[in-house]
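Please take a moment to look over the sequence and the 3D structure below before reading on. The paragraphs after it lead from the whole chain to its sheet and then to one helix.

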Amino acid sequence: MSEQIKNLMLKHEYKIVYKKGKNLKSLLSNNNTKTTLEKNNVVYNISCNDCDAVYAGNTERKLETRVNEHKNALTKSYIPSHVADHAKQTSHNINWDETKISYIENNREARELLEKWDIEKLRQKNIPLINKQF
Ligand SMILES: [Zn+2]
């Protein structure tokens, strides 16, 4: 890559950051699908408001039902949720309003694969994961 192209890229990147006032995390995530909490059979991302960590999950139920479960887990420790665990352990606030759908897929196996792929993409971007199994 020539020095000229490199500089152009840097400049362009700087412009985007400046213009939109977005942080690097939101620039890197290419799936800016608006939250449709009514949808089911989704792979979804929930981000932390106070650090760069992101959770990737999948559910066959309505996304809203699953998100509410994560929220309820904040106060009810018998509900398992890595998102709630992160919030409790770090005293961070979760950015519930920015819950995003990455994929819609009715087939469970395919959906689980897509979740893994979603996690892999986050790892490649060096975004810390809220998911504990990875
Ligand atoms: Zn956090």
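What follows is a walk through this fold, beginning with the chain as a whole.

The model is a predicted one, and its protein chain contains five helices and three strands. If you follow the chain from the N terminus, you meet these elements in the order α-α-β-β-α-α-β-α. Of the 134 residues in the protein chain, 24% are buried. When we look at the contacts in the protein chain with a separation of 6 or more, we find that 66% of them are between residues 24 or more positions apart.

Let us turn now to the sheet. The three strands form an open sheet in which the order is β2-β1-β3, and the pairing is antiparallel. Strands β2, which covers residues 54–62, and β3, which covers residues 94–104, stand at the edges; each has a single partner strand, so one side of each is left without a neighbour in the sheet. Neighbouring strands in this sheet are turned against each other by 35° on average, when direction is ignored.

Strand β1, made of residues 40–48, pairs with β3 in the antiparallel sense over six bridges, and with β2, again in the antiparallel sense, over seven bridges. The strands β1 and β2 also form a hairpin, with five residues between them. A useful residue to find on the model is S47, which stands opposite N95 in β3 and also opposite V54 in β2. Beside it in the sequence you can look for C48, whose bridge partner in β3 is I94. How much of β1 is covered? The strand is mostly covered, since seven of its nine residues are buried. It is worth keeping a general point in mind here: in a regular strand the side chains alternate between the two faces of the sheet.

The next step is to see what lies against the sheet. Helix α5, which runs over residues 108–124, packs on the sheet and touches β1, β2 and β3, and its direction makes about 165° with that of β2. The length of this helix can be checked with a little arithmetic: at 1.5 Å a residue, the 17 residues of α5 should span 24 Å, and because its end C-alpha atoms are 24 Å apart, the expectation and the model agree.

Which residues of α5 are buried? They are E115, D118, I119 and L122. Seen down the axis of α5, these buried residues fall within an arc of 95°, so they line one face of the helix. What covers the buried residues of α5 includes the three strands β1, β2 and β3. The face of α5 turned away from its buried side, by contrast, carries the exposed residues E109, E120 and Q124.

One of these exposed residues, E120, deserves a closer look, and its place is in helix α5. Why does E120 count as exposed? The reason lies in a count of neighbours: a residue is exposed if 12 or fewer other C-beta atoms lie within 10 Å of its own, and E120 has 12 C-beta neighbours inside 10 Å, so it counts as exposed. The C-alpha atoms of E120 and A56 are separated by 10.0 Å, although these two residues are 64 residues apart along the chain. Finally, α5 is followed by N126, a residue whose phi is positive, near 60°.

Notes. Residues numbered from 1 in each chain as written. Predicted model: local features only at pLDDT ≥ 70, side-chain atom pairs only at ≥ 80, totals over all residues. Helix = DSSP H or I, 4+ residues; strand = E, 2+ residues; numbered from the N terminus. Buried ≥ 20, exposed ≤ 12 C-beta atoms within 10 Å, placed from the backbone. Contact = placed C-beta atoms within 7 Å. Pairing = 2+ DSSP bridges. Axes fitted to C-alpha atoms, helices over the stretch in contact; angles between N-to-C directions. Expected span 1.5 Å × (residues − 1). Arc of directions from axis to C-beta.
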